[in-house]
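Visitor: I would like a close look at a single part of this predicted model, namely its aromatic rings and what surrounds them.

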Amino acid sequence: MENTACLGSLRTHRVHSTNNTAVYSLQDQKARRIGLGSAPGGWSVHKRHIFPSELSDLLRSGVKQIKINLTVVGEPLSDNFYLSSVTVNPLWISGEPATIDLSSRTLERPHSENGRIQGDAILEKAHKEFKSPQEDKIEEEAWTLLRQAVVNYCGEPVGTVAANDPGDSSPLNYDQVFVRDFVPSALAFLLKGEFDIVRNFLLHTLQLQSWEKTVDCYSPGRGLMPASFKVKTVCIEGSDEGATEEVLDPDFGEAAIGRVAPVDSGLWWIILLRAYSKHTGDYALQERVDVQTGIKLILKLCLTDGFDMFPTLLVTDGSCMIDRRMGIHGHPLEIQSLFYSALRCAREMLLPDDGPTDLARAVNSRLSALSYHVREHYWVDLRKLNEIYRYKTEEYSHDAVNKFNIYPEQIPLWLIDWMPSQGGYMIGNLQPAHMDFRFFSLGNLWAIIGSLATEDQSEGILNFIEEKWDDLIGTMPLKIAFPALEYDEWRIITGSDPKNTPWSYHNGGSWPTLLWQFTVACLKVGRSDLARKALKVAEKRLSKDKWPEYYDTRSGRFIGKQARLYQTWSIAGYLVAKMLLENPDAAKILTFGEDLALLEAMSCPLDSNPRKKRNRKVQSS
Ligand code: GLC
């Protein structure tokens with residue numbers, strides 16, 4: 001049986017399996033090395049390691065023996081390598097082809113006093129101790145900069161500014177605390193054990209949540225969370241002595257460039273609330289009446305009925321990280337992936353009032369319809385592309401194959417050559433007679449993190465990124481969207497936006513902040529090797545380049561034309577990626593596994609005949 005798998009940082013190739021024996025050949029490509037050097041305290045050379053959890057999975061699946069043939073590309077292998085913490089004693093393997101008998105080894109791993117698995121802790125320690133001095137310096141600098149970006153309100157930390165470049169005389173709104181930008185800062189502080197700033201942020205943004213509305217000009221809908229806020233010092237009315245006070249001044253998009261509504265803010269807020277509770281164990285916060293009301297208001301705003309036919313959220317252009325005109329109005333993947341994760345977080349956090357409420361029912365049915373819809377209709381790989389290529393059009397029927405009347409001519413020429421034979425991805429948008437085939441990173445990564453994508457699709461997306469490394473990672477992780485809109489497309493779709501010229505900013509620029517989300521997705525799928533490789537690429541330049549907001553050109557070689565320097569989420573994103581790789585378990589505060597109950601309940605109104613449904617109702621009533 002031919003099978004590929006990934007053991008920790010080594011790509012492995014399963015050659016065959018017989019009863020109780022799995023034979024792997026581990027191919028170490030130079031680029032994938034983790035060079036730890038020699039460790040202190042009696043630990044000799046361990047240049048490679050296999051993570052214990054993956055080994056445990058092997059053991060659980062009945063594998064009793066692993067045969068390892070090491071083939072090193074381009075150089076002889078003489079080092080030992082190290083299978084960490086399967087038992088009290090780590091397993092040492094010499095460079096020779098080896099057979100390891102696992103049958104006598106126990107799955108129980110020793111726990112140290114603080115409850116962490118000893119073997120993992122040893123491994124973490126080894127990583128820490130073998131950080132190069134250069135890496136240490138970069139990390140130290142990043143922490144200093146992150147702390148300098150902290151914003152205080154009434155003497156308490158409440159967030160971080162978007163960018164903190166002392167040389168920038170016109171920061172526009174980059175001196176504000178953006179909700180989406182603060183998420184990696186919050187995670188960095190959580191992982192560091194500093195919880196107050198995150199708690200304060202969650203509670204203060206909750207107070208800013210919109211309570212009024214609705215249909216009047218340029219004011220936010222009830223439940224909307226602001227895109228950003230600023231701490232302002234104002235004179236206290238009626239005070240003679242000119243006394244001042246601090247106030248929080250939110251922006252719901254009514255002052256933002258293009259007046260875009262931040263649909264993603266509320267979703268991020270819910271995702272962060274769950275991460276905070278899981279990490280700190282402070283569940284009392286999410287149970288507070290005002291916090292529960294906040295969650296419900298966001299949900300109600302998202303679940304309100306409209307004219308839409310799809311389970312995906314219908315939004316205007318620029319309603320998320322890409323916050324200006326880029327042709328992503330309709331049902332952009334980024335919003336759908338965050339929506340799905342936020343719904344799953346909310347379902348976990350909502351207190352049962354008295355049995356299942358209408359809201360809980362609405363959340364559940366939206367979750368199953370959404371996951372069916374996205375898995376089925378957003379996914380493209382070579383097979384699906386070929387199917388679309390042969391689509392019949394103008395099918396009027398409930399059983400139409402080409403439900404959205406996609407004309408095969410829409411398949412862009414670049415994609416025909418670009419699509420590899422293995423792997424695939426979720427397309428950027430789906431509307432009647434319209435598929436946006438561009439690759440958007442954030443939406444794809446969150447489809448993995450929240451399990452909106454199936455396990456196969458999640459692996460497929462990461463394989464795809466690996467295959468398209470030069471295009472999507474290049475010299476700086478990670479492209480926000482691929483490919484860039486050029487010529488007439490740029491003119492028509494962006495409205496000739498001079499900031500979004502081809503391969504710049506949102507239009508094919510590379511954004512270092514995406515690295516932390518890439519890392520979470522990689523850890524979830526067991527591909528930490530990819531995250532480490534991307535981190536190394538970023539580490540070469542970020543500090544030297546003064547932590548830019550984004551990079552330009554097809555492979556990300558230039559610092560972005562109008563990129564801010566000392567951009568906080570570039571700094572925090574780097575730190576979070578680093579800390580998560582040292583402590584992979586912590587990523588679980590963000591991820592979700594497959595929900596089997598949802599799978600069973602999966603049904604999609606678009607795929608069934610509504611008349612039949614109505615008839616069923618009539619018959620049963
Ligand atoms: C840009 C980005 C947006 C970010 C903001 C502050 O507008 O597009 O996603 O939140 O800058 O950094």
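Which charged end sits over the ring of Trp-469, and how many Å is it from the ring centre? Please take that contact as the starting point and then go on to the ring pairs.

Guide: In this predicted model, the ring of Trp-469 has the charged end of Lys-533 sitting over it, 4.5 Å from the ring centre. A contact of this kind is also found at Trp-143, where the charged end of Lys-192 sits over the ring at 4.7 Å from its centre.

Turning to contacts between rings, the structure holds 21 aromatic pairs. One of them joins Tyr-425 and Phe-464, whose ring centres are 4.9 Å apart and whose planes make an angle of 45°, so that the pair counts as tilted, a class that covers angles neither under 30 degrees nor over 60. Because Tyr-425 belongs to strand β15 (residues 424-426) and Phe-464 to helix α14 (residues 455-467), this pair ties together parts that are 39 residues apart in sequence. Tyr-425 is buried, at a relative accessible area of 0%, and Phe-464 likewise counts as buried, at 0% relative accessibility.

Another tilted pair is formed by Phe-482 and Trp-503, with 5.6 Å from centre to centre and 55° between the planes. Here Phe-482 lies in strand β19 (residues 481-482), while Trp-503 lies in the loop between α16 (487-494) and α17 (514-525), and the pair therefore ties together parts that are 21 residues apart in sequence. Both Phe-482 and Trp-503 are buried.

These two pairs belong to one picture, since ring pairs link Tyr-425, Phe-464, Phe-482 and Trp-503 with Trp-414, Trp-418 and Phe-439 into a cluster.

Technical notes:
Residues are numbered from 1 along each chain as its sequence is written. This is a predicted model: local features need pLDDT of at least 70, side-chain atom pairs count only at pLDDT 80 or more; totals for chains, interfaces and linings use all residues. Side-chain values use heavy atoms; hydrogens and water are left out. Rings of Phe, Tyr and Trp (its six-membered ring) pair if their centres lie within 6.5 Å; planes under 30 degrees apart count as stacked, over 60 as edge-to-face and the rest as tilted. Helices (H or I, at least four residues) and strands (E, at least two) are DSSP runs, numbered from the N terminus. Buried means under 20% relative accessible area, exposed over 50%, partly exposed in between (1.4 Å probe, protein chains only). A charge sits over a ring if NZ of Lys or CZ of Arg is within 6 Å of the ring centre and within 35 degrees of the ring normal.
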